Amino acid sequence: LSQQNLGQIYGNLLTDFAAPTGLFQAADLEHQRILTPPPLEYPLQNTRIFLNAPPSSGGVLIAFGLKILERVSGAIWQNPTESFRHFLAVLATTQKARLEYIDDELAQGGDDWLMRILSPQKMASYQEHFNDVLNGNLSLGLKASEDLGHTTHISVLDSNSMACSITTSNGEGCGHIVSGSGCMANNFMGEEDLHPKGFHQLAAGSPLTSMMCPTIVTHNDKPLVALGSGGSNRIRTALLQVLVRHLLGGASLEEAVNAPRIHFEGGETTVEKRTAHADLSNETLAALEEMAGELKVFEKPNIFFGGVHAAGINGECVGDQRRGGISTLVE
């Protein structure tokens with residue numbers, strides 16, 4: 001965009017969303033800048049995982065979960081009951097850490113934010129919380145809201161070791177195209193998951209976070225998998241489960257994407273009972289209910305649990321049917 005066109009678009013934004021009907025001001029635009037930070041790089045066994053960096057919080061929350069789960073025996077991921085118990089424990093622990101300190105550390109910024117978040121002292125405390133949840137020593141029971149959202153993701157990996165992972169979203173969308181831009185104004189200010197401490201709590205000028213986390217996994221400096229998901233607050237939990245099942249549990253991409261999923265948010269535990277890949281037993285559901293106190297069960301795959309679209313080496317690619325995903329191999 002030329003500076004002239006950009007100025008015109010800014011003017012249209014003010015016309016559409018400034019007082020008296022909106023809160024937009026010229027100063028809001030004057031202080032805006034496009035951020036292109038390097039990705040968050042997380043080493044996991046013999047791979048490196050590149051995640052979305054702050055001000056997005058999705059990548060950091062996934063890294064936090066991986067930090068706890070990478071110590072778990074690989075045999076656990078072959079056991080449906082134990083794997084789901086471990087997922088529930090880490091999701092509950094991640095939410096606790098987010099509310100208590102992770103979002104505050106991201107807002108503080110600095111060059112050492114990841115070291116602060118994943119410091120041995122912090123992780124020791126939350127490892128203990130993870131163990132307590134896993135052993136049934138803590139109650140998990142409030143009520144979460146449901147937000148289905150409309151986020152889109154595409155993953156591409158080619159034979160020349162080039163990979164691309166893109167996630168885009170308007171939230172629910174407001175239906176208004178800003179004149180001259182071709183873009184719809186989003187409604188992120190109304191998304192509960194982006195305001196974990198409540199609405200109207202962020203200081204003026206604070207960057208708004210995001211759960212979107214386009215991800216690339218490499219091995220020997222070459223792309224192994226490109227993946228990402230829609231799903232608002234389920235993005236981080238869907239991607240964590242697929243990464244763990246594929247990289248730590250040895251499942252194929254198709255198995256990892258199509259396995260039943262679990263989500264924990266605001267005290268409510270939701271789980272898929274049946275997918276094309278597996279059918280959770282009553283024993284597994286009973287074990288989860290004992291941990292959670294109450295369990296909301298989806299009988300079949302549901303859009304609620306995100307849509308992980310992944311492309312891997314050797315032509316392995318999966319479009320998540322939960323969100324109408326498709327996969328295509330071009331030769």
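These legends describe close-up views of a predicted model.

**View 1. Arg234 and its surroundings.**
Arg234 lies in the loop that runs between β8 (222–230) and α7 (235–248). Arg234 is buried, at a relative accessible area of 1%. The side chain of Arg234 makes a polar contact with the side chain of Asn233, at 2.2 Å. The charged end of Arg234 also sits over the ring of Phe304, 4.3 Å from the ring centre. Gly307 is 73 residues away from Arg234 in sequence, yet the two C-alpha atoms are 9.2 Å apart in space.

**View 2. The Phe298, Phe304 and Phe305 rings.**
The structure holds six aromatic pairs. One of them is stacked: Phe298 and Phe304, at 5.6 Å centre to centre and with 15° between the planes. Phe298 and Phe304 are both buried. Phe304 also pairs with Phe305, and this pair is edge-to-face, with centres 5.1 Å apart and planes at 85°. Relative accessible area is 4% for Phe304, which is therefore buried. Phe305 has 2% relative accessibility, so Phe305 counts as buried as well. Phe304 is also the residue whose ring lies under the charged end of Arg234.

**View 3. Thr270 in strand β10.**
Thr270 belongs to strand β10, residues 268–272. Its relative accessibility is 2%, so Thr270 counts as buried. What does Thr270 contact, leaving aside its neighbours within four places in sequence? Three phenylalanines are on the list: Phe298, Phe304 and Phe305. Arg261, Ile262, His263 and Lys296 complete the list.

**View 4. The Glu265–Arg236 salt bridge.**
The structure holds 13 salt bridges. One of them joins Glu265 to Arg236, with the closest N and O atoms 3.0 Å apart. This pair links distant parts of the chain, 29 residues apart: Glu265 is in strand β9 (residues 262–265), and Arg236 is in helix α7. Are the two partners buried or exposed? Glu265 counts as buried, at 13% relative accessibility. Arg236 counts as buried too, at 7%.

**View 5. The Asp320–Arg261 salt bridge.**
Asp320 forms a salt bridge with Arg261, and the closest N and O atoms are 2.7 Å apart. The two residues are 59 residues apart, and the pair links distant parts of the chain. Asp320 is in the segment after β13 (317–318), while Arg261 is in the loop between α8 (253–258) and β9. Asp320 has a relative accessible area of 0% and is buried. Arg261 is buried at 2%. Arg261 is also among the contacts of Thr270.

**View 6. Lys273 with Asp279, and a salt-bridge network.**
The side chains of Lys273 and Asp279 meet in a salt bridge, 3.6 Å from N to O. Lys273 counts as buried, at 12% relative accessibility. Asp279, in contrast, is partly exposed, with a relative accessible area of 44%. Elsewhere, Arg261, Glu272, Asp320 and Arg322 are joined into one network by salt bridges that share partners.

**View 7. Tyr101 and its partners.**
Phe64, Tyr101 and Tyr126 form one aromatic cluster. A charge is also placed at Tyr101: the charged end of Lys122 sits over the Tyr101 ring, 4.3 Å from its centre.

**View 8. Cys164 and Cys213.**
The structure holds zero disulfides. Why is Cys164 unpaired? The closest cysteine sulfur, in Cys213, is 14 Å from the sulfur of Cys164, which is too far for a bond. The cut-off for a disulfide is a sulfur pair within 2.5 Å. Cys213 is likewise in no disulfide, its nearest cysteine sulfur being that of Cys164. Cys164 is partly exposed, with a relative accessible area of 35%. Cys213 counts as buried, at 0% relative accessibility.

How values were computed
Residues numbered from 1 in each chain as written. Predicted model: local features only at pLDDT ≥ 70, side-chain atom pairs only at ≥ 80, totals over all residues. Heavy atoms only, no water. Helix = DSSP H or I, 4+ residues; strand = E, 2+ residues; numbered from the N terminus. Buried < 20%, exposed > 50% of the residue type's maximum accessible area, 1.4 Å probe, protein only. Polar contact = N/O pair within 3.5 Å; in protein donor to acceptor, adjacent residues only side chain to side chain. Salt bridge = Lys/Arg side-chain N within 4 Å of Asp/Glu carboxyl O. Phe/Tyr/Trp six-rings, centres within 6.5 Å; stacked < 30°, edge-to-face > 60°. Lys NZ or Arg CZ within 6 Å of the ring centre and 35° of its normal. Contact = heavy atoms within 4.5 Å.
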